[in-house]
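This report examines a protein model through its surface, its core, its strands and its charged pairs. The sequence and structure are shown first.

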Amino acid sequence: MKILRWNYNFFVILSLALAFVFTAQVQTVATSEIKTISVVMDDNYPPYSFRNSQGDLQGITLDQWKYFERMTGIKVNITGMTWNRAYESMIKGEFDVIDTISFREERTELLDYAEPYASIEVPIFFHKNISGITDVNSLRGFKVAAKKGDSCISVLKENGITDIEEYETAEAIIQAAKDNKLVLFVMGKPPALYYLYKMGIHEKFNYTNSSVYTSQFFRAVKKGDTELLETLNDGFAKISKSDYQVINNQWFGSKSMPIHELPLFRGIIITGAVVFLLAMLLFIWNRTLQRMVKQRTSELYKALKSRERIETEIRTLNTELENRVIERTAQLEDLNSELEESNAMLEEQISKREKVEEEIRHLNEDLEEKVRIRTSQLDELNSVLEEQNDLLRESQRVARLGSYVTDLNTREWKCTQELYEVLGIDETYPRTREGWLEIVHPDWRDKLTSYFAGIKKSKQRFDFEYKIIRVHDGEVRWLHELGKVEFDHQDNALRLIGMIQDITDRKRAEEKIIYLSFHDQLTGLYNRRFFERELKRLDVPKNYPLTLVMGDVNGLKLINDSFGHGTGDELLKTVAEVLCTGCRKDDVIARLGGDEFVILLPKTGIEETEEILKRIATLALQKRVGSIEISISFGYEIKRSEEENILELFKKAEDCMYKKKLFEGPSIRGKTIETIIKTLHEKNRREEQHSHRVSELCQRMGEALGLREGEVKELKSVGLLHDIGKIAIDETILNKPEKLTNDEWEEIKRHPEIGYRILSTANGMSEISNYVLAHHERLDGLGYPKGLKGEEIPLQPRIIAIADAYDAMTSVRSYRGALSDEVAIQELKKNAGTQFDPELVNLFIDNVINSPNRRNSI
């Protein structure tokens, strides 16, 4: 039977060996209990993973997973999506593995990484028309495109590049480049070249010789999933280098394969190894079987001898046990006699003890009464003490004040509950010297240690302010510590007793006051006070040439009048942002007040200054506040020696700026007026139609009066611009269907003055601005805003008043429908001589309203 059993074991082992060899050859049996794996990856990173024209996933990574399936027998379900969605889905636990992921330290808290399988060079791609792009530092001042979630975004930000526009996919970035929406982007070299060639714009873009960094592709699993991680590493390790090379050749271009990597060569080698292994197994099994039979026979003989020896020992032990039982029985009988005598004596002692206990009971009753009285007194004292302690604790809590005591020999410290809250710790926190230093801010540890050493030496009181980092939330706080060191009679320091108060709010208030004393509250730039101090500091030979740049925002007053000071403030803040972006880190930028800014450029000559101003101008063109363009006039002067007076330099830079403003200002004001008209018309289409109709009516009145062609055109322009001041009126008031309140009516009556202020700033519009100002004056002097009467009102505003009133009556308004021509004519005649010029009213009725050539649009 034993021989049959050994033969059975032999065949089992032989079968397992054959199965192992078969597995090594076909490589299809799984080495893990894992049956299926769900994988998510970026579907837009050619040639590693991307979709073909039918939308199916393909690429190097897909082919490697197919080999993995064949090697392990594990079913792999692959899902492709945008990188951000893929990463979020993996973190939510929707997939087992994420592929095409690069290594980042913060991700190791959530993921475990497998071995890397690809290295990706990440250069800077730039339009061929741009020069000077060599590394990350040369990207300052440019907007850079990158894919959302890509590691290059972190690298750019670490190098101070913050103007980054993020796209969902690599293809989306190249499409934006093709559409001329971007000129710079940072991306892995393989997908970038793929899409550049695919979209036919590869000749328009260059890339840097050196990479921003080199990335690696990994596969990652959930943190702690060791079994799956080992399965991945083992499974992909089974893929031979030649198989990896075949996959890479398919997507990067093929190369000839060495003979030792050919499948046929491998098959011959494997077959020979199998035959040799079988022969060795048979030989080893035969020798092993012989040794096992010999060993088993020897073991059985030894076991038989051992059993005989044990039986002899058991018989001897039984005899000894019987003798000891007899001896022990005799001893127990003697003990029972002694026990009976002891019981008699015990009963006598119990009687005496009961008498003593009775006396003790009486004494206890007296003692309990005294204790009860004393306890009552202590309870009353404790109640008073507790109230005082509660008051003290509440006072300390409100004052964010806690107390402590430190044993200077053991270095251990104890503190009150209030100090726990101040330090952000609990009872479990280690109250040792090391634990305390962990709370102290790193910048203050040496200062605090040095100060304490001085206090011990001088035996003075402890009074020190320093920073900590709260343990439970990591918040930086300011503390004020007061205390004293106690010494023994031999002047040895025993302990430190003190109080600690959180003074963060006070410190922040002080810092805010200091900040506001040197910064402009609106823009956050330095103010005039700081600028004057820095001007003195920088006016030294080591900073020469020292350039002083004066800047003035064009059209700010016009924008304030038209769109309100809120829009003007946004414009100033945007200008400040542009200046900060365009200047260098060590340049000093300040707002002197209103629309004036100043920049100090140490060690800067003409060429560098011009380059900085060009960069600022380019950035300004890319920014808008609503529909308003940003325009800044600059002037600058350069100090090259100590003999030059810095104040005279300031005056020259200011004069230069004002000269440029004379040339640039009118053009900007003209553009701003066009923007105002466009904004008004976009805000209220009815006002646009009304302005065009009034303009045409004014033109026809000018022709009826026989005015010169230039005067007719001017009158037409006035009609078009007469309500431009309504840009500053709330749209809800302009479109209100009900009757206006007195305050709302007063707001409406402001529009002629606003229109005057807007137009008076533009060259050649002085007369037109006066006409707009007077177009609501009345012949009887009851109009607004000046209350002009009769001939004091120019001809043009008298004409506008009639055309404006007529169109208002015959058009649909928010508060009523359109009136007929008959009603409008009666109303004009009724108010002729009081509101309107009677002669002009008659001319308007005869030659405009009742004209046979009247247009249907009027």
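## A nonpolar patch on the surface

Ile284 counts as partly exposed, because its relative accessibility is 44% and the partly exposed class lies between the limits of 20% and 50%. The residue belongs to helix H9, which covers residues 263–398. Together with Phe276, Met280 and Phe283, Ile284 makes a nonpolar surface patch of about 420 Å². The model is a predicted one.

## The chain as a whole

The protein chain has 858 residues, of which 39% count as buried. Its secondary structure consists of 27 helices and 25 strands. The accessible surface of the chain comes to about 50,300 Å², and carbon and sulfur atoms hold 52% of that area.

Among the contacts in the chain with a separation of 6 or more, 64% are between residues 24 or more positions apart.

## The largest nonpolar core

In soluble globular proteins, nonpolar side chains tend to be buried together. In this model, the largest nonpolar core contains 39 residues, and the members that touch the most others are Leu828 and Phe844. At least two residues of this core come from each of the helices H19 (685–705), H20 (709–721), H21 (731–734), H23 (751–760), H24 (766–773), H25 (795–810), H26 (821–830) and H27 (838–849). Helix H25 gives the most to the core, with eight residues.

Which residues does Leu828 contact, leaving aside its neighbours within four places in sequence? They are Ile802, Tyr806, Met809, Phe836, Val841, Phe844 and Ile849.

## A three-stranded sheet

Three strands form an open antiparallel sheet in the order E2-E3-E4. Strands E2 (44–45) and E4 (57–58) are at the edges, each pairing on one side only.

Strand E3 comprises residues 49–51 and runs antiparallel to E2, to which two bridges join it. Within this arrangement, Asn44 stands opposite Phe50 in E3.

## Salt bridges

Side chains of opposite charge can pair when their charged atoms come close. A search of the whole structure finds 31 salt bridges. One of them joins the side chains of Arg51 and Asp43, with an N to O distance of 3.0 Å. The two partners fall into separate burial classes: Asp43 is buried because its relative accessible area of 14% is under the 20% limit, whereas Arg51 is partly exposed at 33%.

A further salt bridge is formed by the side chains of Arg104 and Glu106, also listed at 3.0 Å from N to O. Glu106 counts as partly exposed, with a relative accessibility of 46%. The side chains of Asp807 and Arg693 likewise meet in a salt bridge, with an N to O distance of 2.6 Å. This pair links distant parts of the chain, since Asp807 lies in helix H25 and Arg693 in helix H19, 114 residues apart. Asp807 is buried, with a relative accessible area of 3%, while Arg693 counts as partly exposed at 22% relative accessibility. Helices H19 and H25 are also among the elements that each supply at least two residues of the largest nonpolar core. In addition, Glu475, Arg477, Asp502 and Arg508 are linked in a network of salt bridges.

Key:
Residues are numbered from 1 along each chain as its sequence is written. This is a predicted model: local features need pLDDT of at least 70, side-chain atom pairs count only at pLDDT 80 or more; totals for chains, interfaces and linings use all residues. Side-chain values use heavy atoms; hydrogens and water are left out. A nonpolar core is a set of buried Ala, Val, Leu, Ile, Met, Phe, Trp, Tyr and Cys residues joined through side-chain atoms within 4.5 Å. Buried means under 20% relative accessible area, exposed over 50%, partly exposed in between (1.4 Å probe, protein chains only). Helices (H or I, at least four residues) and strands (E, at least two) are DSSP runs, numbered from the N terminus. Contact means heavy atoms within 4.5 Å. Two strands pair if DSSP finds at least two bridges between them. Patches are made of residues with over 30% relative accessible area and no salt bridge: like charges are joined within 9 Å, nonpolar side chains (Val, Leu, Ile, Met, Phe, Trp, Tyr) within 5 Å. Accessible areas come from the Shrake-Rupley method with a 1.4 Å probe; for residues, only the protein chains shown count as cover. A salt bridge is a side-chain nitrogen of Lys or Arg within 4 Å of a carboxyl oxygen of Asp or Glu.
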